[in-house]
Amino acid sequence: TLTDPANDFATLAVTEARNLSLRDANALILGEVTAAGTLAVQAGGALSQAVDSRIQAAGGLTTLNAADIALANANNDFQTVRIGGGQTVNLRDANELVLDDVTVSGTLGIQSGTTLSQVAGTRVQAGNGLTTLSGTDITLANANNNFQSVSIGAANNVTLVDVNAIT
């Protein structure tokens with residue numbers, strides 16, 4: 001647990017942890033990260049990952065909060081992801097991905113290697129930008145979801161529910 005708000009890491013790698021909590025005062029680049037349980041990362045600036053690095057947090061909830069989030073390596077492996085804030089978010093997962101509450105003020109890009117779904121009773125709130133989704137099957141069917149504009153990159157079956165009109 002490295003949650004002091006004054007932390008100032010440039011690039012941070014964690015080879016093995018059970019439950020991992022990280023906080024950085026500004027931008028943070030993640031190297032290889034392996035968390036067998038939960039992963040929580042909060043950055044005062046952008047949150048990104050080093051080229052060819054992999055983030056493994058397949059054992060529980062991953063919570064992300066940063067100005068911009070770019071964790072787009074095809075080998076990333078999350079189980080359930082909560083996004084507490086971000087202007088632009090680009091997230092990629094190698095296999096099944098489940099979304100918890102997601103709040104993004106700008107554009108949202110989610111790419112899943114297989115199915116993309118959400119926890120019952122949660123909400124995906126994508127602000128004023130384009131939401132791009134891809135996965136073999138996409139089911140974001142909770143009544144409180146709020147997308148502005150949606151683009152489906154690739155999928156076999158898609159179910160989207162929105163509180164109002166989607167363009």
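**Notebook: one chain, strands and a salt bridge**

I began with D100, which is buried, with a relative accessible area of 9%. The model is a predicted one, and I keep that in mind for every entry below.

**Entry 1, the salt bridge.** I looked for the partner of D100 and found R82: the two side chains meet in a salt bridge, 2.9 Å from N to O. The pair links distant parts of the chain, with D100 in strand β10 (residues 97-104) and R82 in strand β8 (residues 77-85), 18 residues apart. R82 is partly exposed, at a relative accessible area of 31%, whereas D100 is buried at 9%. I then searched the whole structure for salt bridges and got one. I add the general note that side chains of opposite charge can pair when their charged atoms come close.

**Entry 2, the chain overall.** I counted the secondary structure elements and noted zero helices and 17 strands. How does the radius of gyration stand against that of a compact globule? For 167 residues a compact globule would have a radius near 15 Å, and the chain has 15 Å, so the two agree. Along the principal axes, I read a span of about 40 × 30 × 25 Å for the C-alpha trace. Buried residues make up 43% of the 167 residues. The accessible surface comes to about 7400 Å², and carbon and sulfur atoms hold 47% of that. I also checked contact range: of the contacts with a separation of 6 or more, 5% are between residues 24 or more positions apart.

**Entry 3, the core.** Which residues touch the most other members of the largest nonpolar core? They are L30, L47, L71 and L91, in a core of 38 residues. I listed the contacts of L30, leaving out residues up to four places away in sequence; among them are L12, L22, V41, L47, I55 and L71. The list for L30 also includes S48, Q49 and S53.

**Entry 4, D52.** I stopped at D52 for its backbone: phi is positive, about 65 degrees, although D52 is not a glycine. D52 sits in the loop between β5 (47-49) and β6 (55-65). Is D52 buried or exposed? The relative accessible area of D52 is 68%, so this residue counts as exposed.

**Entry 5, N146.** I went next to another loop residue, N146, placed between β15 (137-140) and β16 (149-154). N146 counts as buried because its relative accessibility is 14%, which falls under the 20% cut-off. Not counting residues up to four places away in sequence, N146 touches V124, Q125, A126, D162, V163 and N164.

**Entry 6, G113.** G113 is in the loop between β11 (108-112) and β12 (115-118). I noted G113 as partly exposed, with a relative accessible area of 38%. The C-alpha atoms of G113 and A94 are separated by 4.7 Å, while the two residues are 19 apart along the chain. Beyond neighbours within four places in sequence, G113 is in contact with D93, A94, N95 and T136.

**Entry 7, strand pairing.** From G113 I followed β11. This strand pairs with β14 (residues 130-134) in the parallel sense, over four bridges. Q111 stands opposite S134 in β14. I then took β14 onward: β14 and β16 pair in the parallel sense over five bridges. There S134 stands opposite A154 in β16.

Notes. Residues are numbered from 1 along each chain as its sequence is written. This is a predicted model: local features need pLDDT of at least 70, side-chain atom pairs count only at pLDDT 80 or more; totals for chains, interfaces and linings use all residues. Side-chain values use heavy atoms; hydrogens and water are left out. Helices (H or I, at least four residues) and strands (E, at least two) are DSSP runs, numbered from the N terminus. Buried means under 20% relative accessible area, exposed over 50%, partly exposed in between (1.4 Å probe, protein chains only). A salt bridge is a side-chain nitrogen of Lys or Arg within 4 Å of a carboxyl oxygen of Asp or Glu. A nonpolar core is a set of buried Ala, Val, Leu, Ile, Met, Phe, Trp, Tyr and Cys residues joined through side-chain atoms within 4.5 Å. Contact means heavy atoms within 4.5 Å. The radius of gyration is taken over C-alpha atoms; the globule rule is 2.2 Å times the number of residues to the power 0.38. Accessible areas come from the Shrake-Rupley method with a 1.4 Å probe; for residues, only the protein chains shown count as cover. Two strands pair if DSSP finds at least two bridges between them.
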